[in-house]
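Open the structure in your viewer and keep the selection panel at hand. The tour goes from strands to ligand.

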Amino acid sequence: MAGPDLVRELSLREKVSLTSGATAWTTRSLRGVPSVVLSDGPHGLRRPAEGADEFGMSGSRPATCFPPAVALGSSWDPDLVRRVGSALGAEARAAGVGVVLGPGINLKRSPLCGRNFEYLSEDPLITGVLGSALVAGIQSQGVGASVKHFAANNAEHERFRSSSELAPRPLRELYLRAFHRIVTEQQPWTVMAAYNKINGVYATEHPWLLTALLRGEWGFTGLVVSDWGAVDDPVSAIGAGLDLIMPSTGGRSDAVIIDAVERGALVEAAVDRAAGRVLELADRAAAGAAGPAPRFDRDRHHALAREAAGKSIVLLRNVDGILPLDPAGSESIAVIGELAREPRFQGAGSSMINPTRLDRALGEIVGYAGEDRVAFAQGYRTGPDSDGDLEPLRDEATTLAARSDVVIIFLGLPAADESEGFDRQHLELPAEQTTLLDAVLAVNSQVIVVLSNGGVVRVSGWQHLVPGLVEGWLLGQAGGAALADVLFGAVNPSGRLAETIPFKLSDTPAYLDLPGQFGKINYSEGIFVGYRYFDARDLPVSFPFGHGLSYTTFEYSDADATQQNGDGLRLRVRITNTGRRSGREVVQVYAGLPGSRVSRPTRQLIGFTIVELAAGESRQVELIIPRSELAYYHPTQSRWLVEGGRYRVEVGSSSRDIRRMIMVEVTGDDEVTRLTPASSLAEVMAVPAARNALRDLLAHHPMAAMVDDPATMAMIGSMPIRRLASFPGSEITDGQLTELLSRLPRL
Ligand code: GLC
């Protein structure tokens with residue numbers, strides 16, 4: 001029996017009991033309706049191991065640890081991400097899980113966010129497209145996803161009660177954008193409401209967010225679940241449109257909700273609605289779990305994790321072709337750094353899982369080059385005992401570097417520096433690691449740095465000194481092998497930065513807003529998040545959004561862009577692989593509108609695609625870009641609008657490596673301005689019908705000539721026209737103005 005039908009037969013107590021968890025990870029079973037198991041996380045299944053603590057923080061059952069979002073985001077590859085989602089969904093299905101608590105799709109507003117390793121990008125388009133792909137993959141296995149954390153959860157500091165203070169345009173154009181795409185494209189089974197407040201109202205108790213917007217405007221039909229422990233007032237939450245309070249509240253939320261209904265403080269229909277959605281979720285999970293549970297092949301999933309990691313690695317620098325190394329070569333190779341032997345492959349917190357196996361870069365490098373060519377030095381410590389005298393380790397590493405032909409040095413953030421639950425204080429690598437790098441560079445210039453980090457680190461102090469620089473992020477259980485695949489050329493790197501690597505922290509958009517104060521975090525940069533900010537301020541960066549090198553080269557030619565009968569843009573460009581080996585190019589399309597009437601980024605990503613080409617191969621690439629990608633959100637008219645004008649469409653290999661630029665005339669939406677007595681003189685004069693009517697009205701007025709005098713209008717053009725009636729010598733009355741406005745075009 002479907003949810004709503006059964007709800008009618010339930011008592012109030014039974015219905016209310018459905019609105020919170022039965023345990024940390026399950027919904028209540030009732031009248032033969034089975035409970036649903038919800039389980040983290042976005043890059044691998046975290047089901048508490050037998051005998052582990054209820055929240056599973058002390059250990060979870062082995063599962064494939066795929067690359068966390070920070071890496072997958074750098075793949076720019078929705079097909080790959082969808083396959084990862086399918087594998088994750090298959091493992092969830094096999095483990096009896098009904099809902100996977102992911103993807104995390106909050107924007108990377110600041111590189112200081114401790115949880116950036118779990119998020120995809122600073123850009124809403126990449127976040128939406130890849131997040132949608134992951135949801136599609138998970139749900140293709142008959143398992144639900146939980147798109148999180150809805151919304152504007154962009155910092156960990158004070159996350160349980162801080163209010164994200166942001167205006168309608170950044171909220172809509174950036175922080176809600178990916179949620180909107182995923183909800184409308186995939187109808188995720190659940191959306192997870194975040195801990196934080198938005199403009200003073202808890203996300204879990206936000207009627208506009210959870211009902212008017214999510215359901216009324218976007219048409220979401222699934223279930224809204226709270227983040228774990230995110231509900232402050234259960235009555236307010238259920239009334240706002242939350243359906244499931246997690247984890248179990250031990251009956252406490254039941255009592256207050258029943259009392260509120262009995263007092264008339266909460267309509268029972270709200271409880272019916274929430275209970276019905278929990279039952280519907282149970283129906284969906286039961287249907288999804290019907291039939292034989294698929295057995296998944298751990299080795300195949302590991303191979304997929306390796307492929308995904310290899311396509312997520314970003315080659316930042318490759319001077320004089322120091323990379324790839326030759327597996328059959330004779331150079332002696334020094335591998336330096338504990339991270340080569342004991343990799344960090346995922347972030348800490350609720351997404352941390354127990355991998356089915358773990359590849360280590362050191363062993364994989366030896367596998368390619370042979371033991372006689374490779375020597376290792378620890379260089380530094382990463383574990384809890386990372387203090388102590390590091391001099392001997394540094395000396396050993398420097399000595400090894402001095403007698404080696406090439407050095408691969410692994411640097412990165414220790415687990416203690418970044419995690420769910422707290423934010424970072426800086427962008428620096430540990431001092432002992434940069435000191436080690438200096439010492440190695442002093443004795444050998446052929447140095448390749450491999451970074452291992454969940455959030456970007458500052459590299460501006462030394463990036464120019466190293467001929468090879470690889471951003472390895474956190475790559476999951478197969479990352480060590482994937483790094484060796486790239487270092488020795490078995491895989492041609494195609495990762496592109498999905499977030500900017502800034503020169504320094506104080507250049508970043510949110511620098512002055514964080515960590516927030518008095519319970520609020522201001523989003524003062526507005527729509528200028530990430531590269532939008534660095535471009536608007538023309539700031540140099542270490543490596544720009546979209547950057548990533550290949551072992552081959554690509555040429556862009558024959559680009560054209562045309563408006564498609566009001567439906568959007570069609571862009572065509574020819575890509576030629578001008579190098580000596582096959583490779584994947586991420587073709588990126590940006591748009592800007594010079595002279596726009598509203599503030600806008602210089603450029604914003606409006607489309608991208610991956611093209612794989614053999615050496616010498618050339619192919620025309622076509623992208624159809626929906627008109628909605630050009631729209632901005634009008635905060636006073638509360639609607640999306642496409643402004644007419646000549647758009648600058650740029651095609652390139654990164655946001656700052658533009659290869660072709662085309663100007664395209666785009667027809668705008670009718671921006672009929674609703675004119676009122678509060679409208680300014682300039683606004684009235686901008687509407688032809690109004691302009692003539694105003695001139696007639698002012699015919700004998702002392703200010704008659706002003707409306708056609710640019711200098712005067714520059715001074716008083718912003719005056720509300722109702723003030724004209726109050727001018728000395730004015731024969732204009734309020735009635736005349738109102739009559740004038742009544743004849744003018746309306747919205
Ligand atoms: C955590 C996280 C959320 C996770 C949930 C369950 O606090 O914010 O992402 O899914 O609780 O572990």
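Two strands count as paired if DSSP finds at least two bridges between them. Helices (H or I, at least four residues) and strands (E, at least two) are DSSP runs, numbered from the N terminus. This is a predicted model: local features need pLDDT of at least 70, side-chain atom pairs count only at pLDDT 80 or more, and totals for chains, interfaces and linings use all residues. Residues are numbered from 1 along each chain as its sequence is written, and side-chain values use heavy atoms, with hydrogens and water left out.

Select strand β14, residues 406-412, together with β15: the two pair in the parallel sense over 6 bridges. Phe410 has Val450 of β15 as its bridge partner.

Now select strand β15 alone, residues 447-452. Of its 6 residues, 6 are buried (under 20% relative accessible area, 1.4 Å probe, protein chains only). Val447, Val449 and Leu451 point one way, while Ile448, Val450 and Ser452 point the other way.

Add strand β16, residues 468-471, which pairs with β15 in the parallel sense over 4 bridges. Here the bridge partner of Leu451 is Glu471.

Move to the ligand. Which residues come nearest to the ligand? They are Asp40, Arg115, His149, Tyr195 and Asp227, out of 14 around the ligand (a heavy atom within 4 Å). Show distances from ligand oxygen atoms to side-chain N or O atoms: 2.7 Å for His149 and 3.1 Å for Glu420.

Definitions and conventions. A polar contact is a pair of N or O atoms within 3.5 Å; within protein, one must be able to donate a hydrogen and the other to accept it, and residues adjacent in sequence count only if both atoms are side-chain atoms. Buried means under 20% relative accessible area, exposed over 50%, partly exposed in between (1.4 Å probe, protein chains only).
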